[in-house]
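Q: Please take a close look at one part of this protein, namely its aromatic cluster, and explain how that part fits into the chain around it.

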Amino acid sequence: MLRRWRTFALLLAGSLLPSLSLAGPAFENTAIVRSIELGGSLVHVSTTYAVKALEPGQTVYHIALGKDEREKMSWIEAKIKGQMKPLDIYELGEDETSTAHLLGVTLPKILAVNGTVNLVVETIQTHSTHPHPERASQSDPQLLKYNTDLFILSPYTTLVQRTKVKSPSPNLISYSTPAGVDEFVRDASVTKSAASITYGPYHNVESSNSEFFSKYQQPVSVHYSFEYPVLEVTKLQRSAEISHWGSNLNIEDKIDLHNAGPALKGHFSRLEHQGQNYFHRLSPHILSDLTLHLPPGVTNAYFYDLNGNVSTSHLRPSPSVPKASKTNQYSIFEMRPRYPILGGWNYSFTLGFDTPLQDSVSWDAATGKYIVGVPAMTHIPASVINEAEVNIILPEGATDIEFISPFPALSSTIFSHVTYLDTTGRPAISLTYKDLTDRHTAMIFVSYKVPFSSHLKKPIAVGGAFFTFFLFAFTARRVDLRLHK
């Protein structure tokens with residue numbers, strides 16, 4: 001299914017690429033407002049386009065992103081303002097000047113000449129902030145820096161545009177002041193109010209494929225204080241094992257956690273750390289504990305690292321929730337690493353738990369298939385997962401396997417997994433992803449058939465093993481190895 005979607009997108013993009021040079025006069029942006037919410041590993045960007053059609057029969061609106069912005073973007077969604085249904089988005093590649101990356105958004109209805117629509121595009125950027133300074137002592141504050149472009153790219157002319165940057169803290173260290181743009185502003189080119197910085201409004205901004213951007217486009221930066229650890233999961237290995245005999249879904253995560261905040265300057269002082277902890281004045285770039293949301297009905301949770309079991313954890317389970325229920329319940333797992341994780345430090349650990357299979361499986365009588373929903377990830381708050389590998393292990397003998405990923409995977413393979421009491425091995429699905437955020441906490445749905453004979457494989461194998469053992473013991477007792485009677 002994913003391959004068909006990609007093929008369709010490529011064919012559609014190929015048919016539209018020759019007309020990119022004609023994209024400019026089709027629309028006009030009466031206004032663009034970009035809102036940037038700064039964070040640690042994640043930066044949320046919401047851009048509202050007030051669009052006006054200049055030609056009849058327009059159904060596709062083009063969005064332009066800078067190359068650096070496209071590389072850092074891990075999630076995107078487009079909607080009509082005030083509506084909840086997402087619009088279809090597909091890749092178009094670079095524009096004719098190779099300065100921007102184009103995306104196509106399918107509008108819900110055809111726009112006539114002078115027809116208007118307000119389009120809201122939300123994106124999440126990862127790895128777009130960096131600590132500045134790069135090193136800090138245990139008692140120093142955590143300062144981050146964010147860079148972006150002054151003008152918002154668009155293949156269409158824009159009458160007025162504005163960018164608002166919101167800091168999580170009113171402690172703004174510094175911000176850039178644009179140069180040479182006085183002819184496009186009527187008041188100040190940049191203003192500050194509490195924890196927000198506003199660039200613009202800028203008037204009569206030409207399209208991104210014109211000489212305007214090569215002359216006036218410039219980078220701007222915001223230097224701000226961030227009061228929470230900057231967390232990254234460099235690698236996540238999730239194994240989800242479906243057991244029909246045990247009516248259980250076991251999930252195990254192997255997590256490599258990295259604190260991407262400023263690296264520790266000097267030596268770590270346990271005495272200073274204990275003093276900060278006692279007075280509740282822990283430095284923001286030090287991670288001492290984590291609170292994770294696990295599925296409802298969790299049992300047998302465990303948490304260990306390279307040195308063994310970590311007992312400084314606590315699980316507050318919630319009862320199981322029926323599949324059709326819209327109740328938003330979750331179990332809370334409070335964990336404290338073996339040592340505080342400072343900027344630049346790593347911590348590798350394993351987290352596992354069991355959930356009742358009936359909470360996530362259903363039966364399709366029309367096709368004779370089981371359908372199981374497996375969570376793609378357990379999200380660590382305000383973090384990004386750089387690399388993720390999700391392995392879904394099906395019951396032995398499963399056939400006619402199909403799966404649907406909630407978002408495109410980098411690769412997908414089916415292999416055989418052999419464990420104890422198996423005869424021929426269990427089919428397993430392996431999916432790989434990159435740059436996962438809180439917007440990717442969705443379900444991977446897997447459907448498969450299990451013949452009745454496959455259900456009998458395990459008890460027959462166990463019974464055969466016991467029968468062979470007792471037969472061997474029975475025979476051995478009757479073998480006489482003595483030399484003389």
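A: The answer below begins with the whole chain, turns to the aromatic rings, and ends with some features of the backbone and the surface.

The model is predicted. Its protein chain has 485 residues, of which 46% are buried. The secondary structure consists of 6 helices and 31 strands. Along the principal axes, the C-alpha atoms occupy a box of roughly 115 × 65 × 45 Å. Among contacts in the protein chain with a separation of 6 or more, 76% are between residues 24 or more positions apart. The accessible surface amounts to about 24,900 Å², and carbon and sulfur atoms contribute 56% of this area.

Against this background, the aromatic rings may be considered. The chain has 24 aromatic pairs. One of them joins Y339 and Y347, whose ring centres are 5.3 Å apart with 90 degrees between the planes, an edge-to-face arrangement. The two partners can be compared by their exposure. Y339 has a relative accessibility of 30% and is therefore classed as partly exposed, whereas Y347, at 2%, is classed as buried. A further pair is formed by W363 and Y370: the ring centres are 5.0 Å apart and the planes meet at 65 degrees, so this pair is also edge-to-face.

Y339 and Y347 belong to a cluster linked by ring pairs, which also includes F268, F303, F333, W345 and F349. Within this cluster, F268 merits a closer description. F268 is located in the loop between β18 (263-264) and α4 (270-278). With a relative accessibility of 27%, F268 counts as partly exposed, because the range for that class runs from 20% to 50%. Which residues does F268 contact, leaving aside its neighbours within four places in sequence? They are Q138, H273, P340, L342 and W345. W345 is thus both a contact of F268 and a member of the cluster. Q138 is 130 residues away from F268 along the chain, yet the two C-alpha atoms are separated by 7.4 Å.

The backbone also has features that deserve attention. Most residues other than glycine have a negative phi, and most peptide bonds are trans. In this model, a cis peptide bond joins H132 and P133, with omega about 10 degrees. P133 is in the loop between β8 (129-131) and β9 (135-136). A cis peptide bond is also found between G200 and P201, where omega is about 5 degrees, and P201 is part of strand β14 (residues 196-205).

Two residues may be noted for the sign of phi. H127, which is not a glycine, has a positive phi of about 55 degrees. H127 lies in the loop between β7 (116-126) and β8, and its relative accessible area of 33% makes it partly exposed. N300 likewise has a positive phi, near 55 degrees, but its location is in strand β20 (residues 299-305). At 56% relative accessibility, N300 counts as exposed.

Finally, aromatic rings also take part in other arrangements. The charged end of R439 is placed over the ring of W75, at 4.4 Å from the ring centre. On the surface, F445 joins I404 and M443 in a nonpolar patch, and together these residues have about 280 Å² of accessible area. F445 belongs to strand β31 (residues 443-449) and is partly exposed, at 43% relative accessibility.

Key: Residues numbered from 1 in each chain as written. Predicted model: local features only at pLDDT ≥ 70, side-chain atom pairs only at ≥ 80, totals over all residues. Heavy atoms only, no water. Patch = residues over 30% accessible without salt bridge, like charges linked within 9 Å, V, L, I, M, F, W, Y side chains within 5 Å. Areas by Shrake-Rupley, 256 points an atom, 1.4 Å probe, with all protein chains shown as cover. Salt bridge = Lys/Arg side-chain N within 4 Å of Asp/Glu carboxyl O. Helix = DSSP H or I, 4+ residues; strand = E, 2+ residues; numbered from the N terminus. Buried < 20%, exposed > 50% of the residue type's maximum accessible area, 1.4 Å probe, protein only. Phe/Tyr/Trp six-rings, centres within 6.5 Å; stacked < 30°, edge-to-face > 60°. Lys NZ or Arg CZ within 6 Å of the ring centre and 35° of its normal. Contact = heavy atoms within 4.5 Å.
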